[in-house]
Amino acid sequence: MAYFLKKTKLKNRTYLAIYESFYSPKKETAHKCFKSLGSVETLSANGISDPVAHFQAEVDSLNMVKKQEISSKISLVSLLRYLGYFPLNSVLNALSIQKYINLFNLTNDFHFDLYELLASLIFARSVLPCSKYKTFHDVLPCLFHPCHYSYDQLLDGLSFLGDNYEKIVELFTSCVGQLYGFATSKTYIFY
């Protein structure tokens, strides 16, 4: 919880120690000795002009560090995680589409993984359809798998995927046909 400087008088001498207070389930607040410093008289003889003020400054710095550690544990990143895309992830893995999408990287100078971009956008659209900007800033950070591309790279990748839309659809159709097959012997019509 916090540090404090404890002064104890014994046999005409004042002893200093830095104590740390912490939460104990039995007593609620408890204290333990963090650092025993010695007597004020001995510390003065060793060259510290005002030991109480000197070690009070040390206690203040310890409390400041502890406060920063606590505040660094609180982040702006949401603990919300979208996990509903895992069925799509298993379908993409079963299709083995990554090896074909990576072939597009050979003819382009992308500094990001095109398959990762495509897969993360599919996942983001499945859990929360929204604009590209909102997807990048709100949805993608909440996916379980982190994304390793910037917003500009996302736009470049989307432009490329849009220009090659027919090839991508044909690739997915072929992979789905190989894995699951197309049975058109029976056709059902729903009204």
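Helices (H or I, at least four residues) and strands (E, at least two) are DSSP runs, numbered from the N terminus. With that in hand, you can find every stop on this tour. The model is predicted, so local features need pLDDT of at least 70 and side-chain atom pairs count only at pLDDT 80 or more, while totals for chains, interfaces and linings use all residues. Residues are numbered from 1 along each chain as its sequence is written, and side-chain values use heavy atoms, with hydrogens and water left out.

**Stop 1: phenylalanine 144**

Select phenylalanine 144, in the loop between H6 and H7. Is phenylalanine 144 buried or exposed? Phenylalanine 144 is exposed, at a relative accessible area of 53%; buried means under 20% relative accessible area, exposed over 50%, and partly exposed in between (1.4 Å probe, protein chains only). Now show what surrounds this side chain. Setting aside neighbours within four places in sequence, phenylalanine 144 is in contact with Tyr82, Leu83, Tyr85 and Phe86, where contact means heavy atoms within 4.5 Å. For a distance to try in the viewer, pick the C-alpha atoms of phenylalanine 144 and glutamate 69: they are separated by 26 Å and sit 75 residues apart along the chain.

**Stop 2: helix H3**

Next, colour helix H3, residues 86–95. Which residues of H3 are buried? They are Asn89, Leu92 and Leu95. These three cover an arc of only 125° around the axis, which puts them on the same side of H3; the arc is that of the directions from the helix axis to the C-beta atoms. A general point helps here: an α-helix has 3.6 residues a turn, so residues three or four places apart point the same way.

Turn on helix H5 (114–127) and helix H8 (165–180) as well, since the buried residues of H3 pack against both.

Serine 90 also lies in H3. With 43% relative accessibility, serine 90 counts as partly exposed. Draw a C-alpha to C-alpha line from serine 90 to phenylalanine 34: the two are 56 residues apart in sequence and 52 Å apart in space.

**Stop 3: H8 and its two partners**

Two packed helices are described by the angle between their axes and the distance between the axes. Start with H3 and H8, whose axes come within 9 Å and cross at roughly 85°. Axes are lines fitted to C-alpha atoms, for helices over the stretch in contact, and angles run from 0 to 180 degrees between N-to-C directions. H3 and H8 are therefore roughly perpendicular to each other; angles under 35 degrees count as roughly parallel, over 145 as roughly antiparallel, 65 to 115 as roughly perpendicular and the rest as oblique. To see the meeting point, show Val91, Leu92, Ala94 and Leu95 in H3 together with Phe172, Cys175, Val176, Leu179 and Tyr180 in H8.

Now add helix H7 (residues 151–163), whose axis comes within 4 Å of that of H8, with a crossing angle of roughly 75°. H7 and H8 are therefore roughly perpendicular to each other. Leu161, Gly162 and Asp163 of H7 make this contact with Tyr165, Glu166 and Ile168 of H8.

**Stop 4: two positive phi values**

Most residues other than glycine have a negative phi, and most peptide bonds are trans. Select serine 96, which follows H3 and has a positive phi, near 55°. Serine 96 sits in the loop between H3 and helix H4 (98–107) and is partly exposed at 34% relative accessibility.

Then jump to asparagine 12, in the loop between strand E1 (2–10) and strand E2 (13–24). Its phi is also positive, near 65°. Asparagine 12 is exposed, with 83% relative accessibility.

**Stop 5: two buried polar side chains**

Threonine 135 lies in helix H6 (residues 132–139) and is buried, at a relative accessible area of 1%. Which side chain does that of threonine 135 meet in a polar contact? It is the side chain of arginine 125, at 2.7 Å. A polar contact is a pair of N or O atoms within 3.5 Å; within protein, one must be able to donate a hydrogen and the other to accept it, and residues adjacent in sequence count only if both atoms are side-chain atoms.

Serine 39, in strand E3 (residues 28–39), is buried at 4% relative accessibility. Its side chain makes a polar contact with the side chain of arginine 13 (3.3 Å).

**Last stop: cysteine 147**

Select cysteine 147, partly exposed at 23% relative accessibility. Its sulfur is 11 Å from the closest cysteine sulfur, in cysteine 142, too far for a bond. With a disulfide taken as a pair of cysteine sulfur atoms within 2.5 Å, the count comes to zero disulfides.
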